[in-house]
Amino acid sequence: MHSPLRNFLPRNNFSELLTALSDGGYRCLAPKVCDGAIVYKELPSQDTLSTGISIHQAPGSYRVEITDSARNFGWSNGPQGLKPLVFKSRETLWSVRRDTNGQMTFTESAAEPDPVAIIGVRSCDLAALALQDKHFLNNHNRDSHYQTRRASLFLVAVNCTHPSDTCFCASTGDGPTAQDGFDLLLDELDDGFVIRAGTEAGEKILETLPVDPVAPEQAEAISRQNQRARECQTRRLPSRNLEQALFENLEHPRWRTVAQRCLSCANCTSVCPTCFCYSEQDTGTLDFTRSEHVREWDSCFTQGHSYIHGLTIRADTKLRYRQWLTHKLGSWHSQYGRSGCVGCGRCISWCPVGIDITEEVTAIVSAET
Ligand code: SF4
Ligand code: SF4
């Protein structure tokens, strides 16, 4: 459901949106600069959004600058997508206690509903969330922790006007403008926001806001900036479906070359908004009376991730990088009906040695060796 009407919310009235969300029972998380990067942080009531943030990203590089722009969203993305908000990096699934008679009591840990509005979500991250939904909310195996947190989200998306050098969402079909998956969608102009609803919950909030009709010149300005955001992206994947091409090139020499640079550090999978691998372990007390069963993010780049029955199947970095890329860009198609990459570019910026997924896959599927 998309609101047929688009409305203009003057910048001076943006706080009314925050108030309406707060009155609707949502905690607001908004982009803030923290430790040199943009992250979602709780926005205390009466606080305002950050202005003038500009981000420069390149392979192995991420730099924040503060400019005198009045805009709140003139940047691309931070290391954190929506993933940590729904799929926690570490959480207890259940715990067990043993009493003095040796009787064991198991307790399941449930996630608590926590209505939260995320301000400034980008189209790549909406696409990534839809992919995570396919994984965690499929009919065979619904993850209750994920489901509770997912149902608590209210998503205020913003169309990207300043993609970074590392972004390539236009080539994956996931941006820079959002098509669906949001409750409210903003297009930022210098003097305010064109706003529309994507859900009934969004419509309810929108109805309470002091909005004006959208002027034709505002609609044109939005169309121009969206077009510019699309055209300024220079990186791209060679094709949206690389499954066959990758599996035909399992012995390509480029796997060895990239493995000589790759540190197997797993930064790329940590920042990737679609990666969902995890490991589970039990941590017990020294007196054997309590233990917790914990789930935490894992990665196809760690040695333990492919350890099965006394054997590490992917013992070296070449096999681990190949596993990541052939799954992400290849067998996701068979598994989830599309590639696992939404073109956010995070794995390029946050790779300490600047490995660029678009460059590597282009080299691997090209005819030349
Ligand atoms: S593979 Fe890289 S560019 Fe693609 S979604 Fe993951 S982090 Fe983003
Ligand atoms: S590709 Fe880069 S970020 Fe990913 S494991 Fe290798 S060195 Fe780390």
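Which residue takes a positive phi in the hairpin of S13 and S14? The points below answer this and set out the fold of what is a predicted model.

1. **The hairpin of S13 and S14.** The residue in question is Phe-288, with a positive phi near 60 degrees, in a hairpin that has 5 residues between its strands. Strand S14 covers residues 290–297 and runs antiparallel to S13, with 7 bridges joining the two. Two pairs may serve as landmarks along this ladder: Glu-280 stands opposite Arg-295 in S14, and Gln-281 has Val-294 in S14 as its bridge partner.

2. **The four-stranded sheet.** S13 and S14 belong to an open sheet of 4 strands, in the order S7-S6-S14-S13 and with antiparallel pairing. At its edges are strand S7 (104–108) and strand S13 (278–284), each of which pairs on one side only. Direction ignored, neighbouring strands of this sheet are turned by 20 degrees against each other on average. Helix H4, residues 144–151, lies across S7, S14 and strand S6 (90–98), and its direction is at about 130 degrees to that of S6.

3. **The eight-stranded sheet.** A second open sheet has 8 strands with mixed pairing, ordered S3-S2-S8-S9-S10-S11-S1-S12. Strand S3 (37–42) and strand S12 (212–213) each have a single partner strand, so one side of each is left without a neighbour in the sheet. Helix H3, residues 123–136, packs on the sheet by touching S8 and S9, and makes about 145 degrees with the direction of S9. The mixed character of the pairing can be followed in individual strand pairs. Strand S8 (residues 116–121) is parallel to strand S9 (residues 153–158), with 5 bridges between them; here Ala-117 stands opposite Phe-154 in S9. S2 and S3, by contrast, run antiparallel and are joined by 6 bridges, one landmark being Val-33, whose bridge partner in S3 is Ile-38.

4. **Two further hairpins.** S2 and S3 form a hairpin with 2 residues between them. Asp-35, in the loop between strand S2 (27–34) and S3, has a positive phi of about 50 degrees although it is not a glycine. Strand S4 (residues 53–58) and strand S5 (residues 61–66) also pair in the antiparallel sense, over 6 bridges, and His-56 has Arg-63 in S5 as its bridge partner. The hairpin of S4 and S5 has 2 residues between the strands, and Gly-60 takes a positive phi near 75 degrees there.

5. **Backbone geometry to inspect.** Most residues other than glycine have a negative phi, and most peptide bonds are trans. Against that background, the positive phi values of Asp-35 and Phe-288 merit a look in the model. A cis peptide bond joins Gly-175 and Pro-176, with omega about 5 degrees. Pro-176 is placed in the loop between helix H5 (169–172) and strand S10 (184–189).

6. **Packing of H9 and H13.** Helix H9 (residues 254–261) and helix H13 (residues 357–365) have axes that come within 10 Å and cross at roughly 155 degrees. The two helices are therefore roughly antiparallel to each other. On the H9 side the contact involves Arg-254, Trp-255, Val-258 and Arg-261, which meet Glu-359, Glu-360, Ala-363 and Ile-364 in H13. By class, the residues of this contact divide into 4 nonpolar, no polar and 4 charged.

7. **Domain arrangement.** The protein is divided into domain 1 (7–86 + 112–231) and domain 2 (243–365). Taken over C-alpha atoms, the centres of domain 1 and domain 2 are separated by 27 Å. Contact between the domains involves 31 residues of domain 1 and 28 residues of domain 2.

8. **Surroundings of ligand 1.** The shell around ligand 1 comprises 9 nonpolar, 2 polar and 1 charged residues. Among the residues around ligand 1 are the cysteines Cys-272, Cys-341, Cys-344 and Cys-347. Phe-168, Pro-273, Trp-324, Val-342 and Ile-357 also surround ligand 1, as do Gly-343, Gly-345 and Lys-328.

Definitions and conventions. Residues are numbered from 1 along each chain as its sequence is written. Chains are lettered from A and ligands numbered from 1 in the order in which they are written. This is a predicted model: local features need pLDDT of at least 70, side-chain atom pairs count only at pLDDT 80 or more; totals for chains, interfaces and linings use all residues. Side-chain values use heavy atoms; hydrogens and water are left out. Two strands pair if DSSP finds at least two bridges between them. Axes are lines fitted to C-alpha atoms, for helices over the stretch in contact, and angles run from 0 to 180 degrees between N-to-C directions. Contact means heavy atoms within 4.5 Å. A residue is near a molecule or strand if one of its heavy atoms lies within 4 Å of it. Ala, Val, Leu, Ile, Met, Phe, Trp, Tyr, Cys and Pro count as nonpolar, Asp, Glu, Lys and Arg as charged, and the others, Gly among them, as polar. Angles under 35 degrees count as roughly parallel, over 145 as roughly antiparallel, 65 to 115 as roughly perpendicular and the rest as oblique. Domain bounds come from an automatic or database domain assignment.
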